[in-house]
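Thanks, everyone, for making the time; I would like to walk through one model this morning, taking the chain first and the ligand afterwards. Please have the viewer open while I talk.

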Amino acid sequence: MAERLVEMHGLCHTYQDQTEVRAEGLPFVVKAGQRVALVGATGTGKTTLLLHILGLLRPARGQVQVLGHDPARDFGLVRWDIGAVMQNPDEQIIGPTVFDDIAFGLRARGLPLAQVQERVQAIAQELGLASLLTKVPHHLSGGQKQKVALAGALISRPKLLVLDEPFSGLDPNCKRELVHLICHHSEQLGMAVILSTHDLELVPEIAHRVYVLHDGQLVLSGSPEEVFTCVDQLRAANLQPPAVIQLGLQLVEMGLIAQVPLSLEAGKNLLKGTRVKVKVHR
Ligand SMILES: Nc1ncnc2c1ncn2[C@@H]1O[C@H](COP(=O)(O)OP(=O)(O)O)[C@@H](O)[C@H]1O
Ligand SMILES: [Mg+2]
C-alpha cells in the first residue's frame, strides 16, 4: 500500500477572534504520488486546512500528521519534503531577484553554488522563466509571480506540493499550462499534490482523488468521476460540476453514451460514431 503522506481527522481550528473552522466528517488522507483536490465554496475552510498541513496553524481539536510528524510541532523535520504555493504569491517572495527567490531553498540547505545554478536554470527553462532570472520579483505580473513561487517550491524536489487556489486569476491558456506542469512534475518526481479550488472545471484533468468540504464537514471523497456525478450533493455544497460532466450526465440519460466523460477530449471520443437523430417538431 502506498505511503500515507498526510492524515487528518476531525480538524477544528479557532482563530483569535473566536471564528471556528472545522473539517470534520471523513478523514483527509493523501498517499505518496497522489494528486488530491480539496474543493469547497469560498469561506468553507480550504486555506485553513492547508495551513494546518504546513504547520502554520495548530488545531484546537483533531489530528494532523504529515510524513509521520505533527507539522505544528516538528515542521523542521519535514520542511524540505513539502513545497507550497499559497494564494497570494507576493507574500512568498523572499529573494531580491527571481534567481535568488527560486534558489532560496537550495541555498538554505547548503548546496554547492554550481549545483544551485544548474537546478535554477533547468527549472526556469521548464517554466518559461529563463529570461526573468535577473528581474526583481515584485515587478512581475501576477501569473509570473505565481510561476516563480512554483519554481521555488519544485526546486527542492518535494514529496508533497501544496497549492492554494492555483487557478485563480489565470487565463484559460495559463490554467492548462499549469495543469500540464503540475501533472508532469508530479509524475516525474512521484510527488503528491494537494490543491484547493472552488473552480471544478479542471479538477478531473489533474486529480486522482477529490474531497468536498461543506459546512464544517468533509462530506464526499472519491475519484473525480465518483464525486462529480453526485450532482445534488455538489449543488448542496454550492458547487457546480464541470460543464462537460453536466452535459455527459444528460447524454447518458438520453442513452446516447454509456459513461460520463471527464474531459472534453473524452467526450468527443465517446461521441465518435454515435449517430444523433434529431426529431423536428413542426
Ligand atoms: N485569520 C483569520 N481570523 C479570523 N477568521 C479567519 C481568518 N482566516 C480565515 N478566517 C475565516 O475562516 C473561514 C474559512 O476561511 P478560509 O480557510 O480562508 O476559507 P476558504 O479558503 O475555503 O475560502 C472564513 O469564515 C474566514 O472568514
Ligand atoms: Mg482560500
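The domain assignment splits the chain into domain 1, residues 4-241, and domain 2, residues 242-277, and please keep in mind throughout that this is a predicted model. Between the C-alpha centres of domain 1 and domain 2 the separation is 31 Å, and the contact involves 12 residues of domain 1 and eight residues of domain 2. Together the two domains bury about 840 Å² between them, with 66% of that on carbon and sulfur atoms. On the domain 1 side, Pro204, Glu225 and Pro241 lose the most area to domain 2, and together these residues make up 44% of what that side buries.

Let me turn to the ligand. The residues around ligand 1 include Tyr15, Asp17, Thr19 and Val21, as well as Ala41 and Lys46, and the shell divides into three nonpolar, seven polar and two charged residues. Which helix gives the most to the shell around ligand 1? That is helix α1, residues 46-53, which contributes three residues.

As for individual polar contacts, an N or O atom in the side chain of Thr48 is 2.5 Å from an oxygen atom of ligand 1, while for a polar side-chain atom of Thr47 the distance to a ligand oxygen is 2.8 Å. Gly45 takes part through its backbone, where an N or O atom lies 3.0 Å from an oxygen atom of ligand 1. Taken alone, ligand 1 exposes 560 Å², and the protein buries 61% of that area.

Methods. Residues are numbered from 1 along each chain as its sequence is written. Chains are lettered from A and ligands numbered from 1 in the order in which they are written. This is a predicted model: local features need pLDDT of at least 70, side-chain atom pairs count only at pLDDT 80 or more; totals for chains, interfaces and linings use all residues. Side-chain values use heavy atoms; hydrogens and water are left out. A residue is near a molecule or strand if one of its heavy atoms lies within 4 Å of it. A polar contact is a pair of N or O atoms within 3.5 Å; within protein, one must be able to donate a hydrogen and the other to accept it, and residues adjacent in sequence count only if both atoms are side-chain atoms. Accessible areas come from the Shrake-Rupley method with a 1.4 Å probe; for residues, only the protein chains shown count as cover. Helices (H or I, at least four residues) and strands (E, at least two) are DSSP runs, numbered from the N terminus. Ala, Val, Leu, Ile, Met, Phe, Trp, Tyr, Cys and Pro count as nonpolar, Asp, Glu, Lys and Arg as charged, and the others, Gly among them, as polar. Domain bounds come from an automatic or database domain assignment. Contact means heavy atoms within 4.5 Å. Buried area is the accessible area (1.4 Å probe) that two parts lose on being put together, summed over both.
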